[in-house]
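Reader: I would like to go through this model with you, one question at a time. Could you show me the sequence and structure?

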Amino acid sequence: ALAIWHQLTKSEIPELAKASVLMRDRSRVEETIQAMQRAGPDALQVISDFDMTLSRFAHNGKRCPTTHNILDNDLLINDACKKMIRELLNTYYPIEIDATRTVEEKLPHMVEWWTSVHELLIQQKIRRDLLAQAVKQSSAMLREGYKVFFDRLQEQQVPLLIFSAGLGDILEEVIRQNHVFHPNVHVISNYMDFDQSGVLRAFKGQLIHTFNKRECALLHAAHFRELKERPNVLLLGDSLGDLTMADGVAHTQHALTIGFLNDQVEERKESYVNSYDIVLVKDETMDIPNAILNYIT
Ligand code: TMP
Ligand code: MG
């Protein structure tokens, strides 16, 4: 049996043998991929985080913006507000990725971060008709190979749920401008609520931050119910909080989780390998998800 287990890595999915691919249990990963392949695309759904998972962490050594950071543009917010949002990022992002703190310790800080930023954005009276232009002017980029990823899922009619603690309006604009907002794509995220004149006045629904995706998944149970005949889940994320995105799927048969480890690699490697089935270290491409999808669909 041993010889069969490692066949996938050697021949069918050679990408899995790359040095940047870490696995706690390679045999289990290969068995899961094989089981998903046998069940086929009709049994599959993909659930993915957005910021720093579908979008790039960095390009040519420069950080790429998250959906929140795309708003850092003179079109939308003034200098004083920019400064405050950057200060909040410098305060709270290190807490978000701190390997020495538990999720429970991080929770109140994340709520504070998101709430403060959203309040600042509302004060700026952001105009809906300027969002597309801000996205165009930003350096936001999807990971290399994104088009193959989105197009293949659409061709195979595999639903893709993008589950993001970022800003839904911006996220949609990014994928629209990259021509991959296909009909199989569904988004759960923080959406802006505009008044009649198109000015931001609030955010809709329950606030989503990095570490409450489980509660939000359960809130959106109706979405998952529609997909109940798709028991196999491929999950992509870059935060440990993203692992709970599939908690709304009632009867999971096979789940494969892929985690992008973009930052603080040495500090976080162990916890990522213990939590995700496949960990991709400083990999700015969709090569591994694409190779796996190419095999199973
Ligand atoms: P995600 O769930 O799509 O990854 O989005 C959440 C990310 O957004 C998270 O990693 C932190 C980041 N973020 C910012 O970059 N700036 C902000 O102001 C806030 C509130 C979050
Ligand atoms: Mg993310």
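Reader: In which loop is N60 found?
Author: Helices (H or I, at least four residues) and strands (E, at least two) are DSSP runs, numbered from the N terminus. With that numbering, N60 is found in the loop between β3 and β4 (62–63).

Reader: Thanks! Before we go on, what kind of model is this, and what conventions apply?
Author: Residues are numbered from 1 along each chain as its sequence is written, chains are lettered from A and ligands numbered from 1 in the order in which they are written, and side-chain values use heavy atoms, leaving out hydrogens and water. Local features need pLDDT of at least 70, side-chain atom pairs count only at pLDDT 80 or more, and totals for chains, interfaces and linings use all residues, as this is a predicted model.

Reader: Does N60 count as buried or exposed?
Author: Buried means under 20% relative accessible area, exposed over 50%, and partly exposed in between (1.4 Å probe, protein chains only). N60, which has a positive phi of about 50 degrees although it is not a glycine, has 71% relative accessibility and therefore counts as exposed.

Reader: And M52, buried or exposed?
Author: M52 sits in the loop between β2 (44–48) and β3 (58–59). It is not a glycine, yet M52 has a positive phi of about 70 degrees. Because its relative accessibility is 5%, M52 counts as buried.

Reader: What separates the C-alpha atoms of D42 and E31?
Author: D42 belongs to the loop between α3 (26–39) and β2, and D42 is exposed, with a relative accessible area of 58%. D42 and E31 are 11 residues apart along the chain, and their C-alpha atoms are separated by 19 Å.

Reader: Now to ligand 1: which backbone has a polar atom 2.8 Å from one of its oxygen atoms?
Author: Let us take the side chains beforehand, where a polar contact is a pair of N or O atoms within 3.5 Å. An N or O atom in the side chain of D49 is 2.8 Å from an oxygen atom of ligand 1, and a polar side-chain atom of E96 lies 2.9 Å from an oxygen atom of the ligand. The backbone asked for, with a polar atom 2.8 Å from a ligand oxygen, is that of A165.

Reader: How much of the area that ligand 1 exposes alone does the protein bury?
Author: Accessible areas come from the Shrake-Rupley method with a 1.4 Å probe. Taken alone, ligand 1 exposes 490 Å², and the share of this buried by the protein is 97%.

Note on methods:
A polar contact is a pair of N or O atoms within 3.5 Å; within protein, one must be able to donate a hydrogen and the other to accept it, and residues adjacent in sequence count only if both atoms are side-chain atoms.
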